[in-house]
Each structure stands twice: as structure tokens, then as C-alpha cells.
Amino acid sequence: MTFRTLDDAYDLAGKTALVRVDFNVPMEGGKVTDDTRLRVALPTIQRLRDAGAKVALLAHFDRPKGQRVPSMSLKPVVQPLEELLGAPVRFADDCIGPDAVEAIRDLDAGGVVLLENVRFHAAEEANDPVFAQKLADLGDLYVNDAFSAAHRAHASTEGVAHHIPAYAGESMRRELDALDAALGKPQKPVVGIVGGSKVSTKLDLLKNLVGKLDTLAIGGGMANTFLYAQGVDIGGSLAEKDMADTAREILAEAEAKGCDILLPVDVVVATEVKPGAAARTVKTGEALATEDKILDAGPDTVARLNAAIDASKTLIWNGPLGVFEVPPFDAATVAAAKHVADRTKAGALIAVAGGGDTVAAVGHAGVAADLTFVSTAGGAFLEWMEGKPLPGVEALRA
């Protein structure tokens, strides 16, 4: 897709840029415990500062439901952001009105102010046009750098873009470029990995991907549902047996569209889910006891997946292959992740991964930095993969 970026914004000196960031960071005892999302915003903030613009940051924190909740203030973000920027950051007690106006007015060129939690106003999530106009009145241009919130049509993610010139920030641009490389205009063949526990939560995703991918590997509890739908004995494994008809429909649709579905040919089973639990590998189709639970894919399955990866030029990954949080049931996910990393480092593969469990899984495997792109956006990443338009992105179209 074509969207406006900061390359399209000129003469920024002296102008005020309203920048939507994702500062919904982990906190404990009023202290930021993980500054990853602050770091992600730095390139956009610094680019605007270098251009001589005033930078007013818009963000939400938690779910105050339109109420002013002191424990959900963004004020604790100021100090760590100052340390990362190496420059002062002002704080305004509100995101609209006199407090915001005064804080922005008093900034020097290149100055930064963090405005209070936009969700302290119920009008934010309602995408109220009057509230969006009040936000827009604070600035000369709008920059959305929060892809993770782009699937929400809120005032600060979508509404404000209709009132002043709107652009994608550096983080947003990188995310969109990576996703376009994975699903928009990918180098073919394309292989996908979709894992997780439930087919029902990823129906739209599966239906979209079978029409776009050459190969789709299904893992985790989802694979159990597909195996069950094919009459395979899954013992006491997690599965959505009421989704069997749907699973068969997806398999039929994939065949009709020329998408090869990879399901486990061997699995790792155990009677309990705990670290170091006694486990064994069996071929799919072997009889299982009622207490047996399929908790990971087996080595033959990983070998088939790796062969598909070797035959592909692009990979998109959402969801682990097993209960990776509990060794030894992380073996398949780790082995596949390391193979993906090796192919990516060799320049043979474009690998894009995303979604909360996936980020944790590739981090657990120690390869997050080796993939082409790892998206930390949960819902937005999933909706993009489902083929749904994201309001915050659509508002940036050129």
C-alpha cells in the first residue's frame, strides 16, 4: 500500500507534531519495568526534533474507561523517556484544553511534551469528532507511530488524521514495509506457520492465508483439532472437537487454492504439563491413552517444516508449535526458530513474525534479532494477517 511518511512532510521547523505513540508499557510500583516501547518511538521523536519541530506525544495507558485514574497516569514515563532521549520531557496534566495548550506553547523548537493518558476521556475510544478536533487543534501535523493501536478507530489513532496532515512515523513505516514484504507483495514461494491453542480464534486468519500462501504449517493445540477432524487419535489432548467440520472446510479450501497444509506427522506426548515431564514421541495415528496429551510437534514434523522453509523465500509466523513455555515441549518451536534464523542470516529468507506468544517464542529461542522483522503488535498484527483494513493505517493512505 502507499501511505504518507515523514519523507512527505516539509518545513517542519517551528511546527507542532502530534505523535501517537504506544507507551502502554509494563509498570510496577509506579516504575516502568520494560522500556522497549519507549525505545521504539525514539527514531520518530528524534527525527522531528532534528527538523526543529515541537513534539507533543499522545498515548494511552491501561483501561481507565474514560475516568481520571491516578494509577493510570503517564507521568511515570517521563523520567525514563528523558534518559533515553538525553533531553528534557515536559508533562501536561491533560491531553486537551489549557494544560495541553500551555505546555506545547512553552516548548522551544525540538522540545518534547508528553500529554496525559488520552483514555482519561471517554470520547477517545468513542472516536468522538469534537474530541478529535480538539486534539488536532494542538498541532500542525499528525504522526502515527503506534501500529499496535492502529486496528482501533479511536480519536487519537484515526479521528485526528482527518483534520490535519497525517503521516506514518518511522516505527509505523518499518512495520508496514515488513508486513507488505510478507503478505502484500512477497517473494514467492511463501510459507506460513500458524500455531496456538484454538482454531476458533484464528478462523479469519486461516481462511485468508490459504488463499495467499504456498504452504501453511499448523501447530500447537490447533493442529490437534485438525488431526481429530481427520480421525486421528489425540487421546486427552487440547482440541476444539466442535470445530472439526470447520477444520475440514479449511483443508478443502486450501486444496482448492493450491495451498499445501502441513500437519504433524509425529508428536510429543506426556500425561502432565510440567518442566522435565516424562515424554515420548509417537507417529500421528498411533493409539493414545486417554491421559496422553499432545504437547509438541516431533522431530520428523520439524524436518518437514524445515524442508518447506528451505523451498520458500518468504515466511510469516504467528503462534508456537507446542507448549514452548514448559521444557521439554519447546523443542519443536526452538528448532524451527533456529532454522528460520539461519536461513534469514544466510540471505535466503525474508522472515516476519508477530503476536505475543510468537515474540516470546522466538525470544525464548534466542533468535529474535536474527529474523527480518518481529512485530510486537498483537491485535493489529493479527488483523493485518486476516486481511482486515486497519483504521489507523487507512487514515495514512496517500
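## Helix H12 and its surroundings

Gly366, just after helix H12, takes a positive phi of about 75°. The model described here is predicted. H12 itself spans residues 356–364, and its buried residues include Thr358, Ala361 and Val362. Viewed down the axis of H12, the buried residues fall within an arc of 90°, so they line one face of the helix. An α-helix has 3.6 residues a turn, so residues three or four places apart point the same way.

What do the buried residues of H12 pack against? Their partners are three strands, E15 (314–318), E16 (350–354) and E17 (373–375), together with helix H11 (331–345).

## Thr358 and the annotated binding site

The UniProt record, an unreviewed entry, places a "binding site" feature at Lys202, Glu325, Gly355, Gly356, Asp357 and Thr358. In the model, Lys202, Glu325, Gly355, Gly356, Asp357 and Thr358 from this set belong to the lining of the largest pocket. Glu325 sits in the loop between E15 and H11, while Thr358 is part of helix H12.

Is Thr358 buried or exposed? With a relative accessible area of 2%, Thr358 is buried, because buried means under 20% relative accessible area. Setting aside residues up to four places away in sequence, Thr358 touches Trp317, Asn318, Gly319 and Ala353. The side chain of Thr358 also reaches the backbone oxygen of Gly354, at 2.9 Å.

## Thr314 in strand E15

Strand E15, one of the elements that the buried residues of H12 pack against, contains Thr314. The relative accessible area of Thr314 is 0%, and this residue is buried.

Which residues are in contact with Thr314, leaving aside its neighbours within four places in sequence? The contacts are Ala181, Ala182, Pro186, Gln187, Pro189, Val190, Val191, Leu349 and Ile350. Of these, Ile350 falls in strand E16 (350–354).

## Strand E1 and its partners

Why is strand E1 described as largely enclosed by the rest of the structure? In E1 (residues 16–20), 5 of the 5 residues are buried, so the strand is largely enclosed by the rest of the structure. In a regular strand the side chains alternate between the two faces of the sheet. Both faces of E1 are covered: Thr16, Leu18 and Arg20 are buried on one side, and Ala17 and Val19 on the other.

E1 pairs with two strands named here. It runs parallel to strand E4 (residues 54–58), to which 5 bridges join it, and Arg20 stands opposite Leu58 of E4. The pairing of E1 with strand E7 (residues 141–144) is also in the parallel sense, over 4 bridges. In that pairing, Val19 of E1 stands opposite Val143 of E7.

## Helix H2

Helix H2 covers residues 78–85, with Val78, Pro80, Leu81 and Leu85 buried. Seen down the axis of H2, these buried residues fall within an arc of 170°, so they line one face of the helix.

The buried residues of H2 pack against strand E3 (31–32), helix H1 (36–50), E4, strand E5 (89–92) and strand E6 (112–115). Among these partners, E4 is also joined to E1 by bridges. After H2 comes Gly86, which has a positive phi near 70°.

How values were computed:
Residues are numbered from 1 along each chain as its sequence is written. This is a predicted model: local features need pLDDT of at least 70, side-chain atom pairs count only at pLDDT 80 or more; totals for chains, interfaces and linings use all residues. Side-chain values use heavy atoms; hydrogens and water are left out. Buried means under 20% relative accessible area, exposed over 50%, partly exposed in between (1.4 Å probe, protein chains only). Two strands pair if DSSP finds at least two bridges between them. The arc is that of the directions from the helix axis to the C-beta atoms. Contact means heavy atoms within 4.5 Å. UniProt positions are given in the numbering used here, feature names are shortened, and annotations may be inferred rather than shown by experiment. On a 1 Å grid over the protein atoms alone, a cavity is a set of points where a 1.4 Å probe fits but cannot get out, and a pocket is an open set with protein on both sides within 12 Å along at least five of seven lines; lining residues have an atom within 4 Å of a point. A polar contact is a pair of N or O atoms within 3.5 Å; within protein, one must be able to donate a hydrogen and the other to accept it, and residues adjacent in sequence count only if both atoms are side-chain atoms.
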